[in-house]
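This briefing covers how the parts of the chain meet and how the ligand is held by its surroundings. The lead sentences come after the structure, and the details follow by topic.

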Amino acid sequence: MSGIDDLPPLRDVIARFDLSPKKALGQNFLLDLNLTAKIARRAGDLSGCDVLEVGPGPGGLTRGLLAEGARRVLAIEKDPRCLPALAEIAAAYPGRLEVIGGDALEVEPLAHLTPPIRVAANLPYNVGTELLVRWLTPPDWPPYWQSLTLMFQKEVAERIVASPGSKAYGRLALLAQWRTDAKIVMELGPEAFTPPPKVSSAVVHLTALPEPRYPADPAVLSRVVAAAFNQRRKMLRAALRGVSPDIEAHLVAVGIPPTERAEQVSLEAFCALARELKRAA
Ligand code: SAM
């Protein structure tokens with residue numbers, strides 16, 4: 001018994017299925033089920049929702065999501081060693097847990113999910129950032145998910161919620177804040193994980209806005225932001241020269257001083273610039 005369900009403690013599960021953590025798969029497990037239940041609560045009201053979980057590992061967060069009332073969980077796990085442990089959880093929650101063995105970057109989960117859908121994950125950081133960018137840039141908005149509740153290295157979490165003028169402000173902040181409300185909802189030291197990683201972590205909760213915060217063409221906005229931050233120390237009139245030969249006039253037209261640097265420019269101003277460039281194209 002573990003406190004949140006009738007299944008065995010995770011240390012026993014790991015020993016029984018021989019799930020010694022593999023560095024190559026970014027396996028830093030959460031073994032405290034009270035903590036995983038707390039993270040699941042940060043994902044919002046799960047009772048009427050399907051939850052997509054990526055990288056369940058031995059199932060700590062999966063059990064938290066189920067114990068907190070998720071209608072169904074779809075879990076995608078790359079490490080086949082974890083599948084028998086996850087099958088035990090599925091048996092304890094009949095009809096509520098489906099597990100797909102595979103790489104989340106290659107599996108298309110939508111066919112297995114019914115809206116409303118929330119996403120929750122404690123992933124290796126490289127995979128987490130790539131999936132976040134994909135979740136934030138679907139062909140249409142609003143996306144299929146209502147919210148994303150994701151564990152990141154604390155430094156990455158800070159980049160997602162950063163404001164203009166801070167060192168962490170850049171493409172990730174603009175991408176996330178354009179179409180979601182993004183908040184850090186929990187911070188965790190290395191000791192929360194087995195084995196402990198070198199850095200602290202944080203859980204970010206992103207809620208999809210019904211429409212982008214300010215109008216802009218996604219492709220134009222993405223190109224402008226990429227160019228601006230690729231040379232973040234340069235003045236915008238130089239950094240954006242490749243985007244338009246008349247960039248200085250376009251910057252002035254939307255009230256951005258051409259001598260400004262990217263990290264000083266608000267999301268609203270970047271969107272205005274993207275609209276101006278689209279209009280002039
Ligand atoms: N969610 C578990 C927890 O909180 O204890 C495990 C977290 S561990 C940081 C990351 C998990 O993601 C591991 O189980 C690993 O095998 C899995 N994983 C790594 N890359 C993956 C990928 N591309 N697709 C699906 N799962 C992946």
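In this predicted model, domain 1 and domain 2 bury about 990 Å² between them, and 68% of that area is on carbon and sulfur atoms. On the side of domain 1 that touches domain 2, the residues divide by class into four nonpolar, four polar and three charged. The ligand has 590 Å² of accessible area on its own, of which the protein covers 98%.

**Domain layout**
- Domain 1 spans residues 10-208 of the protein chain, and domain 2 spans residues 218-280.
- Taken over C-alpha atoms, the centres of domain 1 and domain 2 are 34 Å apart.

**Interface between the domains**
- The contact involves eleven residues of domain 1 and 15 residues of domain 2.
- Five residue pairs are in polar contact between domain 1 and domain 2, counting pairs with both residues at pLDDT 80 or more.
- The number of salt bridges found across the interface of domain 1 and domain 2 is zero.
- Three charged residues are nevertheless present on the side of domain 1 that touches domain 2.

**Ligand surroundings**
- There are 20 residues around the ligand.
- Leu30, Gly55, Glu77, Asp103 and Asn122 are the ones that come nearest to the ligand.

**Polar atoms facing ligand nitrogen**
- For aspartate 103, an N or O atom in the side chain is 2.8 Å from a nitrogen atom of the ligand.
- For alanine 104, the atom concerned is a backbone N or O, at 2.9 Å from a nitrogen atom of the ligand.
- For proline 56, a backbone N or O atom also lies 3.5 Å from a nitrogen atom of the ligand.
- Aspartate 103 thus appears both among the residues that come nearest to the ligand and with a side-chain N or O atom at 2.8 Å from a ligand nitrogen.

How values were computed: Residues are numbered from 1 along each chain as its sequence is written. This is a predicted model: local features need pLDDT of at least 70, side-chain atom pairs count only at pLDDT 80 or more; totals for chains, interfaces and linings use all residues. Side-chain values use heavy atoms; hydrogens and water are left out. Domain bounds come from an automatic or database domain assignment. Contact means heavy atoms within 4.5 Å. Buried area is the accessible area (1.4 Å probe) that two parts lose on being put together, summed over both. A salt bridge is a side-chain nitrogen of Lys or Arg within 4 Å of a carboxyl oxygen of Asp or Glu. A polar contact is a pair of N or O atoms within 3.5 Å; within protein, one must be able to donate a hydrogen and the other to accept it, and residues adjacent in sequence count only if both atoms are side-chain atoms. Ala, Val, Leu, Ile, Met, Phe, Trp, Tyr, Cys and Pro count as nonpolar, Asp, Glu, Lys and Arg as charged, and the others, Gly among them, as polar. A residue is near a molecule or strand if one of its heavy atoms lies within 4 Å of it. Accessible areas come from the Shrake-Rupley method with a 1.4 Å probe; for residues, only the protein chains shown count as cover.
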